[in-house]
Amino acid sequence: VWRTLGRLGALRAAAPSTPLLVLTTERPRPGSDAAAALATSLPALGLELLELGTVESRTRLAELAAGR
């Protein structure tokens, strides 16, 4: 998580208007430091986190592909 957040921060600074998306196979355990870091960092960086294999993520990916 920490390496990913660092890279995303650098990417956002270098290309502020480029859409970025985080895909994961498993979200961090609720209440963990990693979950707290994601909860505060992702919105601040204008990012979304999608967990692969969920109906919600498939729907959101389709929306993003359609430009919504």
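Buried here means under 20% relative accessible area. By that cut-off, helix 2 has four stops for later in this tour: Ala34, Ala37, Leu38 and Leu42 are its buried residues. Keep in mind that the model is predicted.

**Whole chain**

Start with everything shown. The protein has 3 helices and 2 strands. From the N terminus on, they run α-β-α-β-α. Turn to the principal axes: the C-alpha atoms fill a box of roughly 30 × 30 × 15 Å. Of the 68 residues, 22% count as buried.

Switch on contacts. Among those with a separation of 6 or more, 63% join residues 24 or more positions apart. Now add the surface. About 4800 Å² is exposed, and carbon and sulfur atoms supply 58% of that area. Color by charge next. The 8 positive and 6 negative charges have mean positions 6 Å apart.

**Helix 1**

Select residues 2-14. This is helix 1, with 13 residues. At 1.5 Å a residue it should span 18 Å, and its end C-alpha atoms are 18 Å apart, so the two values agree.

Show side chains for Leu5, Leu8 and Arg12; these are buried. Look down the axis of helix 1: its buried residues fall within an arc of 65°, so they line one face of the helix. An α-helix has 3.6 residues a turn, so residues three or four places apart point the same way.

Rotate to the other side of helix 1. Trp2, Arg3, Arg7, Ala13 and Ala14 are exposed there.

What should you display to see cover over the buried residues of helix 1? Strand 1 (21-24) and helix 2 (33-45) are included in that cover.

**Helix 2**

Select 33-45. Helix 2 also has 13 residues, and its first and last C-alpha atoms are 18 Å apart, close to the 18 Å expected at 1.5 Å a residue. Return to Ala34, Ala37, Leu38 and Leu42, the buried residues of this helix. Their cover includes helix 1, strand 1 and strand 2 (48-51).

Stay on helix 2 and pick Pro43, which lies in it. Is Pro43 buried or exposed? Its relative accessibility is 58%, over the 50% cut-off, so Pro43 counts as exposed. Draw a distance from Pro43 to Thr59. The two are 16 residues apart in sequence and 20 Å apart in space, C-alpha to C-alpha.

**Last stop**

Move past the end of helix 2 to Gly46, which follows it. Check the backbone there: phi of Gly46 is positive, near 70°.

Notes
Residues numbered from 1 in each chain as written. Predicted model: local features only at pLDDT ≥ 70, side-chain atom pairs only at ≥ 80, totals over all residues. Heavy atoms only, no water. Expected span 1.5 Å × (residues − 1). Buried < 20%, exposed > 50% of the residue type's maximum accessible area, 1.4 Å probe, protein only. Arc of directions from axis to C-beta. Contact = heavy atoms within 4.5 Å. Areas by Shrake-Rupley, 256 points an atom, 1.4 Å probe, with all protein chains shown as cover. Lys, Arg positive; Asp, Glu negative; His and termini not counted. Charge placed at Lys NZ, Arg CZ, Asp CG, Glu CD.
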